[in-house]
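Hello,

Here is the structure I promised to pass on to you. Please have a look at it first, and then read my notes below.

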Amino acid sequence: MSSSTTQPAGTTGDALDRPVFQLARLGRIASRQLNDYLAVTGLKRAHAVILMELCNLGPMSQQALGERLHVDPSNLVAFLNSLEDDGLLVRRRDPDDRRRHIVEITKDGAERIPVCDAPLDVLEDQLFAGLNADEREQLRDLLARVVTTMSVEEPPPGDGGDID
């Protein structure tokens, strides 16, 4: 009697060729390299993302920032405390609702953004060297669509401290 394996329809036989595994691998590689590349800025990934979002979007409530970044409120407070201690952002009470804090990047914080852009550009060039400009834009659009259309609520990161 011969044994044969049947593959589900739509699979190629190599599990590592499946997009979900490729994305997971790329995510691990990008995450590790992102931390390494940002190390020269003196900022951790979470700090850089917070400053970049505040620079791009302007002041916002602490709650809105946490929701936008998909980070646990207690972890966000720790990130914000560190950035505030370094003079890179300020928090103030919302005059319309004293229970809320408004988070705003400082001049010193805004000056750190270009320092982050250079290593991020180098890393993106390295990661996507095999893609031309149109393909990079297409990849960005496809990834945005995948994230937008995910029907499952995003689970918290392993320790709740990561910011994508």
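The notes below go from the overall picture to single residues.

First, please keep in mind that this is a predicted model.

**The overall picture**

The protein has six helices and three strands. If you walk along the sequence, their order is α-α-β-α-α-β-β-α-α. Of its 164 residues, 27% count as buried. The accessible surface comes to about 11,400 Å², and carbon and sulfur atoms account for 53% of that. As for how the chain meets itself, take the contacts between residues at least 6 apart in sequence: 55% of these join residues at least 24 apart.

**Helix 1 and a nonpolar patch**

Helix 1 covers residues 19-39, and Phe21 has its place there. Together with Leu16 and Val20, Phe21 makes a nonpolar patch of about 330 Å² on the surface. Phe21 itself is partly exposed, as its relative accessible area is 44%.

**The loop after helix 1**

Thr41 is a good residue to click on next, in the loop between helix 1 and helix 2. Is Thr41 buried or exposed? With a relative accessible area of 6%, Thr41 falls under the 20% cut-off and so counts as buried. A polar atom of the Thr41 side chain lies 2.6 Å from the backbone oxygen of Leu38. Looking past its neighbours within four places in sequence, you will find Thr41 in contact with Arg112, Val115, Cys116 and Pro119.

**Helix 2**

Helix 2 runs over residues 45-57, which makes 13 residues. From its first C-alpha to its last, helix 2 reaches 18 Å, close to the 18 Å expected at 1.5 Å a residue. Why can helix 2 be called largely enclosed by the rest of the structure? Ten of its 13 residues are buried, so the description fits. Among them are Ala46, Val49, Ile50, Leu51 and Met52, and the buried residues also include Arg45, His47 and Glu53. Just after helix 2 comes Gly58, which has a positive phi, near 85°.

**Salt bridges**

Side chains of opposite charge can pair when their charged atoms come close. How many salt bridges are there here? The count comes to eight, and three examples follow.

- Arg136 pairs with Asp125, with their closest N and O atoms 2.9 Å apart. This pair links distant parts of the chain, since Arg136 sits in helix 6 (residues 133-149) and Asp125 in helix 5 (residues 107-127), eleven residues apart. Arg136 is partly exposed at 24% relative accessibility, and Asp125 is partly exposed too, at 43%.
- Glu137 forms a salt bridge with Arg140, where the closest N and O atoms are 3.4 Å apart. Glu137 and Arg140 are three residues apart in helix 6, which means that about one helical turn separates them. Glu137 is partly exposed, with a relative accessible area of 37%.
- Arg99 and Asp97 meet through their side chains at 3.0 Å, N to O. Arg99 is exposed, with a relative accessible area of 71%, whereas Asp97 counts as partly exposed at 21%.

If you only have a few minutes, I would start with Thr41 and its contacts, then turn to helix 2 and its buried residues, and finish with the pair of Arg136 and Asp125.

Best wishes

Conventions: Residues are numbered from 1 along each chain as its sequence is written. This is a predicted model: local features need pLDDT of at least 70, side-chain atom pairs count only at pLDDT 80 or more; totals for chains, interfaces and linings use all residues. Side-chain values use heavy atoms; hydrogens and water are left out. Patches are made of residues with over 30% relative accessible area and no salt bridge: like charges are joined within 9 Å, nonpolar side chains (Val, Leu, Ile, Met, Phe, Trp, Tyr) within 5 Å. Accessible areas come from the Shrake-Rupley method with a 1.4 Å probe; for residues, only the protein chains shown count as cover. A salt bridge is a side-chain nitrogen of Lys or Arg within 4 Å of a carboxyl oxygen of Asp or Glu. Helices (H or I, at least four residues) and strands (E, at least two) are DSSP runs, numbered from the N terminus. Buried means under 20% relative accessible area, exposed over 50%, partly exposed in between (1.4 Å probe, protein chains only). The expected span of a helix is 1.5 Å times one less than its number of residues. A polar contact is a pair of N or O atoms within 3.5 Å; within protein, one must be able to donate a hydrogen and the other to accept it, and residues adjacent in sequence count only if both atoms are side-chain atoms. Contact means heavy atoms within 4.5 Å.
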